[in-house]
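Colleague: Before I rely on any of the labels attached to this protein, I would like to hear the reasoning behind them.

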Amino acid sequence: MKKLVNYISIITLFIAFTGITRAMAQVIPPDMMKRDTSTKANDDTDDSDSGSNANDISTSLLTGNKTAIFDNSARYTYIVKNPTNNIQVGRVSYQVFTETGIKLNHQTIAVTIDKKSSGRYDFDIPESKSGFYKVSFIVNVNDYDDTTRRAFGIRPGELKASHDKPADFDQFWKETKTELAGVKPDFKVTYLPDSTKDNRKVYLFEMKSLGGLTIRGYLTEPKTNNKHKKFAVLLGLPGYQVGLPPMYGADNDLAIITLNVRGQGNSRDVIHTPRDEYIFYHIEDKYKYVMRGVIMDCIRAIDFIYSRPELNHDQILASGGSMGGFLAIATASLDKRIALCSAQNPILSDVYALNGEVNWPIDDISRYVKTKPGLTMDKVLQNLSYFDTKNFASGLKCPTLIGMGLLDPIIPPNNVYIDYNNVTAKKHLIIFRDLGHEVGVIYKNYEGRWMRDSFGLF
């Protein structure tokens, strides 16, 4: 991974290194990585064909607003630039699809674009039903063919899940936490002098979690001569099959914990599945499913924070992207000791809707189901409902920040928005209309300021 430098805050550094870039590399299949998911952050400039030569035909797309969220009709302006000496004749069109790929609407315009000129075409795309839609803008002229794929939302605040939370959801997790409490944590902390640098002390910590498994992570603290100094805590939660190293940062008020949950990083003693198999490890039994233990590993990390007198127990931010986003919401929902929750592109959101909507993780899970006689996808989805991000979201009590990309091929915007709608605590959503399974620097900077303002770190 490229060296990370010159970030405004420690939050920027942490997310760029752990929650987003590496989560994408580990989760998104190679064919999805090639999709048209521009890495431009939301701004007011046009979304141009950046790879074109100044003398070539190119296109740009103007969206009606920064977030591509509309009340009734989606508004776009599609521009075709023709710097050549040839008149271009053909058509410009759009096609609208549901998240599952069902074609809903289309319009085609016959166009003639004079040489060394541009054609500008305004579209109002009507959709009456609330939700998110995929849209393709297409140009076919004499010397050029191109397609630009984007997404937009219509009144997403009205979205609701098709399946309710299991009636015994809260009881299931109460029993799980009770089981964790019966495991003596046996915290062990080892100073790592070879990793200590940049005026930061680094420690390896080990602890016993659910089932007696040993879970490891790293604690980084600023060096100080103040024996009474207490540090706010950033709890960094990992993406899917990502091993987290120590994180350093430059904030003298902040300690950083990077946690390697069971089956990941340096916590692979017992669970050491191939990458693709981790998501369905014991999925046929909700009491044995890997994510049950993973979430308890995160709660045990809160226990570890509370065992450290130099850490401020009232100033804990749980943050992560992808699987880390899921874990941030799940942990903050189950453990009210967390003061702030930040989740980017959380996986396992509205799991029933994922079936038939996305390839990962549904395809991997479906293949596993076929190897288990008597196991059905319906049974798996019933089990997954106990791990559904939307069901944890309704239990959040702390201020919560969520980030999402409208072109996310892993967690579609419908699903993440349902998470957001289920949050009844103070909340804020940052939408990136042209990004996929990632967030932009706007989110990273906002998260850093939000944490410092909330914790009074000035």
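The conversation below takes the labels in turn and sets values against definitions.

Modeller: This is a predicted model, in which local features need pLDDT of at least 70 and side-chain atom pairs count only at pLDDT 80 or more, while totals for chains, interfaces and linings use all residues. Residues are numbered from 1 along each chain as its sequence is written, and side-chain values use heavy atoms, with hydrogens and water left out.

Colleague: What is the mean pLDDT of the protein, and where does pLDDT stay under 50?

Modeller: pLDDT is the predictor's confidence in each residue, on a scale from 0 to 100. The mean for the protein is 89, and 88% of its residues reach 70 or more. Over residues 1-45, however, pLDDT stays under 50, although the model has 117 contacts beyond four places in sequence for that stretch, a contact being heavy atoms within 4.5 Å. Where pLDDT is low, the predicted coordinates should not be read in detail.

Colleague: What makes S5 and S6 a pair of strands?

Modeller: Strands are DSSP runs of E with at least two residues, helices are runs of H or I with at least four, and both are numbered from the N terminus. Two strands pair if DSSP finds at least two bridges between them. Strand S5 (residues 88-97) is joined to S6 by 10 bridges and the two run antiparallel, so the definition of at least two bridges is met. Gln88 stands opposite Ile113 in S6, and Val96 stands opposite Asn105 in S6. Five residues lie between the strands of this hairpin, where Gly101 takes a positive phi near 95°.

Colleague: Which strands are called edge strands, and in what sheet?

Modeller: The sheet is open, has five strands in the order S3-S9-S8-S5-S6, and shows mixed pairing. Strand S3 (69-70) and strand S6 (103-113) are its edge strands, since each pairs on one side only. S5 also pairs with strand S8 (residues 131-141), in the antiparallel sense and over eight bridges, and there Gln95 stands opposite Ser136.

Colleague: Why is Ala250 called exposed, and Ala68 buried?

Modeller: Buried means under 20% relative accessible area, exposed over 50%, and partly exposed in between, with a 1.4 Å probe and protein chains only. Ala250, in the loop between strand S13 (231-236) and strand S14 (254-260), has 68% relative accessibility and therefore counts as exposed. Ala68, in the loop between strand S2 (58-63) and S3, has 1% and therefore counts as buried. Leu348, in the loop between strand S16 (340-344) and H6, is buried too, because its relative accessible area is 3%.

Colleague: What makes the backbone of Ala68 and Leu348 worth a remark?

Modeller: Most residues other than glycine have a negative phi, and most peptide bonds are trans. Phi of Ala68 is near 60°, and Leu348 has a positive phi of about 55°. As for peptide bonds, a cis bond joins Trp360 and Pro361, with omega about 5°, and Pro361 is found in the loop between helix H6 (351-354) and helix H7 (362-370).

Colleague: What is meant by the largest nonpolar core, and which residues have the most contacts inside it?

Modeller: A nonpolar core is a set of buried Ala, Val, Leu, Ile, Met, Phe, Trp, Tyr and Cys residues joined through side-chain atoms within 4.5 Å. The largest one has 115 residues, and those with the most contacts inside it are Ile125, Phe152, Leu259, Met291, Ile295 and Phe326. Helix H4 (residues 290-307) gives the largest share, 11 residues. A second, separate core of 17 residues includes Leu401, Leu435, Val439 and Leu457.

Colleague: Why is the aromatic pair of Tyr76 and Phe137 called tilted?

Modeller: Rings of Phe, Tyr and Trp (its six-membered ring) pair if their centres lie within 6.5 Å, and planes under 30 degrees apart count as stacked, over 60 as edge-to-face and the rest as tilted. For Tyr76 and Phe137 the values are 4.9 Å centre to centre and 55° between the planes, hence a tilted pair. Tyr76 lies in strand S4 (residues 73-82) and Phe137 in strand S8, so the pair ties together parts that are 61 residues apart in sequence. Both residues, Tyr76 and Phe137, are buried.
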